[in-house]
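Biologist: Let us go through this entry one point at a time. Please keep to what the coordinates give, and define each term when it comes up.

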Amino acid sequence: MSTLPLSQVAADICTAPQMQPDAMVELARLGFKSVINNRPDFEHGPDQPTSSAIQAAAEAAGLQYRHLPVAGGYQSPEEIAAFGQLMAELPRPVLCFCRSGARSGKLLAASGSL
């Protein structure tokens with residue numbers, strides 16, 4: 001049983017709020033193959049882990065990792081297309097995260113990835 005706050009939105013896609021580097025081992029144990037971080041570094045201050053720290057932990061756990069930072073209130077057509085491309089290329093199951101999980105969910109819906 002996982003203690004991570006995951007929301008399953010499709011058979012092989014979950015969203016989540018901010019993930020910490022140490023969560024990457026648990027994600028790999030749960031069977032995830034890829035992680036997409038949609039949160040800009042330092043969006044809400046210096047206590048947020050950096051993408052590079054999360055990437056190092058993800059890769060050490062055997063996960064594919066991509067950072068596609070987007071604003072919470074607006075995702076451009078280009079950002080939506082880039083997200084859709086990542087979803088098409090990355091091995092699944094995929095975890096997408098941001099501050100609360102909502103922006104990742106919007107990207108999934110807007111890109112047609114669900």
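**Strands, salt bridges and backbone**

Biologist: Are the residues on the two faces of strand β2 (residues 13–16) buried or exposed?

Modeller: Ile13 and Thr15 point to one side of β2, while Cys14 and Ala16 point to the other. In a regular strand the side chains alternate between the two faces of the sheet. Strands (E, at least two residues) and helices (H or I, at least four) are DSSP runs numbered from the N terminus; buried means under 20% relative accessible area, exposed over 50%, and partly exposed in between, with a 1.4 Å probe and protein chains only. Both faces are covered, and these four residues of β2 are all buried.

Biologist: What kind of model is this, and which conventions apply?

Modeller: Residues are numbered from 1 along each chain as its sequence is written, and side-chain values use heavy atoms, with hydrogens and water left out. Local features need pLDDT of at least 70, side-chain atom pairs count only at pLDDT 80 or more, and totals for chains, interfaces and linings use all residues, since the model is predicted.

Biologist: Which strands pair with β2, and in which sense?

Modeller: Pairing requires that DSSP finds at least two bridges between two strands. Strand β1 (residues 7–10) runs antiparallel to β2 with three bridges, and a hairpin of two residues joins β1 to β2. Over four bridges, β2 also pairs in the parallel sense with β5. The partners are thus antiparallel β1 and parallel β5.

Biologist: Which residues stand opposite Cys14?

Modeller: Cys14 is one of the buried residues of β2. In β1, Gln8 stands opposite Cys14. In β5, the residue opposite Cys14 is Leu95.

Biologist: How many salt bridges does a search of the whole structure find?

Modeller: Side chains of opposite charge can pair when their charged atoms come close. The criterion is a side-chain nitrogen of Lys or Arg within 4 Å of a carboxyl oxygen of Asp or Glu. Across the whole structure, the number of salt bridges is four.

Biologist: How far apart are the closest N and O atoms of Glu26 and Arg29?

Modeller: Both residues belong to helix α1 (residues 23–29) and are three residues apart, about one turn of the helix. Their side chains form a salt bridge, with a closest N to O distance of 2.8 Å.

Biologist: Which residues do salt bridges with shared partners join into one network?

Modeller: Arg39 pairs with Glu43 at 2.6 Å, and Arg103 meets Glu43 at 2.7 Å. Arg103 is in helix α4 (residues 102–110) and Glu43 in the loop between β3 and α2, so this pair ties together parts 60 residues apart in sequence. Arg103 is buried at 7% relative accessible area. Through shared partners, the network joins Arg39, Glu43 and Arg103.

Biologist: Do Arg39 and Glu43 count as buried or partly exposed?

Modeller: Arg39 has 6% relative accessibility and therefore counts as buried. Glu43 has 24%, so Glu43 counts as partly exposed.

Biologist: What is Ser104 in contact with, leaving aside its neighbours within four places in sequence?

Modeller: Ser104 lies in helix α4 and is buried, because its relative accessibility is 0%. Contact here means heavy atoms within 4.5 Å. With those neighbours set aside, the list is Thr15, Asn38, Phe83, Cys96, Phe97 and Cys98.

Biologist: Which peptide bond is cis, and what is its omega?

Modeller: Most residues other than glycine have a negative phi, and most peptide bonds are trans. Pro93 sits in the loop between α3 (77–89) and β5 (94–97). The cis bond joins Arg92 and Pro93, with omega about 5 degrees.

Biologist: What is phi of Phe42 near?

Modeller: Phe42 is in the loop between β3 (34–37) and α2 (51–60). At 46% relative accessibility, Phe42 counts as partly exposed. Its phi is positive in a residue other than glycine, near 60 degrees.

Biologist: In what order do the elements of the protein chain run?

Modeller: The protein chain has four helices and five strands. From the N terminus on, the order is β-β-α-β-α-β-α-β-α.
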